[in-house]
Amino acid sequence: MPTPVGRLTVLYDADCPLCVHLRHWLLRQRQLVPLDLVPAGSQEARRRFPELDHSATLREITVVGDRGQVYRETNAWIVCLWALADHRAKAHWLATPAGQPFARVTVLAAAKWREALKGPACEDEDGRRGAPGRPD
């Protein structure tokens, strides 16, 4: 049976120090599913995924599967871990009802850290603060 996902594209905020750090960390990991890391809102992201709301991808982590799957926020983090050899088991656990609260808290903590790192420059056109883990 073929893998439901053969490749994932992670859209990350290239102006966020935390996001860039996590990008480098992902690239150093052994990948079971190849990850393409593309700056969110970039011309490349817009070319690959014209149907996405690209301003939203700058506010919340977004991962796109090669068959059109779109993962956002907590599910995006979990699918990134699932793609990694040394973290797949943890991703399976985080996707369970027991693990979901831990995954959510981690994403919210990362969002607060990201917000503190970026400061006021991380506001969208409506003045809202952007973060990778905004509530669903």
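**Exercise 1. Disulfides**

Task: Find how many disulfides this predicted model holds, and explain the result for Cys 16.

Solution:
1. The search of the whole structure returns zero disulfides.
2. For Cys 16, the closest cysteine sulfur belongs to Cys 19, at 3.0 Å.
3. A disulfide requires two cysteine sulfur atoms within 2.5 Å. The sulfurs of Cys 16 and Cys 19 are therefore too far apart for a bond.
4. Cys 16 has 0% relative accessibility and counts as buried. Cys 80, at 3%, is also classed as buried.

**Exercise 2. The cavity**

Task: Determine how many cavities of 30 Å³ or more are present, and describe the lining of the largest cavity.

Solution:
1. One cavity reaches 30 Å³ or more.
2. The space in the largest cavity comes to about 140 Å³.
3. Its lining comprises 17 residues; nearest the centre are Leu 11, Tyr 12, Asp 13, Cys 19 and Ile 61.
4. At least two lining residues come from each of strand E1 (8-12), helix H1 (17-28) and helix H3 (54-59). H1 gives the largest share, with four residues.
5. By class, the lining of this cavity has eleven nonpolar residues, one polar and five charged.

**Exercise 3. The pocket**

Task: State the volume of the largest pocket and identify which element supplies the largest share of its lining.

Solution:
1. The largest pocket holds about 320 Å³ of space.
2. It is lined by 17 residues, and those closest to its centre are Leu 22, Trp 77, Leu 81, Thr 106 and Ala 110.
3. Contributions of at least two residues each come from H1, helix H4 (73-82) and helix H6 (100-118).
4. The largest share, seven residues, is from H6.
5. Sorted by class, the pocket lining has 15 nonpolar residues, two polar and no charged.

**Exercise 4. Aromatic rings**

Task: Describe the geometry of the aromatic pair formed by Trp 93 and Phe 102, then find which residue lies over the face of Trp 82.

Solution:
1. The structure contains one aromatic pair.
2. In this pair, the ring centres of Trp 93 and Phe 102 are 5.3 Å apart and the planes meet at 40 degrees.
3. Planes under 30 degrees apart would be stacked and those over 60 edge-to-face, so the Trp 93 and Phe 102 pair is tilted.
4. Trp 93 is partly exposed at 35% relative accessibility, whereas Phe 102 is exposed at 52%.
5. Over the face of Trp 82 lies Arg 88, at 4.0 Å from the ring centre.

Key. Residues are numbered from 1 along each chain as its sequence is written. This is a predicted model: local features need pLDDT of at least 70, side-chain atom pairs count only at pLDDT 80 or more; totals for chains, interfaces and linings use all residues. Side-chain values use heavy atoms; hydrogens and water are left out. Buried means under 20% relative accessible area, exposed over 50%, partly exposed in between (1.4 Å probe, protein chains only). On a 1 Å grid over the protein atoms alone, a cavity is a set of points where a 1.4 Å probe fits but cannot get out, and a pocket is an open set with protein on both sides within 12 Å along at least five of seven lines; lining residues have an atom within 4 Å of a point. Grid points are joined across faces, edges and corners, and a volume is the space filled by probe spheres set on the points. Ala, Val, Leu, Ile, Met, Phe, Trp, Tyr, Cys and Pro count as nonpolar, Asp, Glu, Lys and Arg as charged, and the others, Gly among them, as polar. Rings of Phe, Tyr and Trp (its six-membered ring) pair if their centres lie within 6.5 Å; planes under 30 degrees apart count as stacked, over 60 as edge-to-face and the rest as tilted. A charge sits over a ring if NZ of Lys or CZ of Arg is within 6 Å of the ring centre and within 35 degrees of the ring normal.
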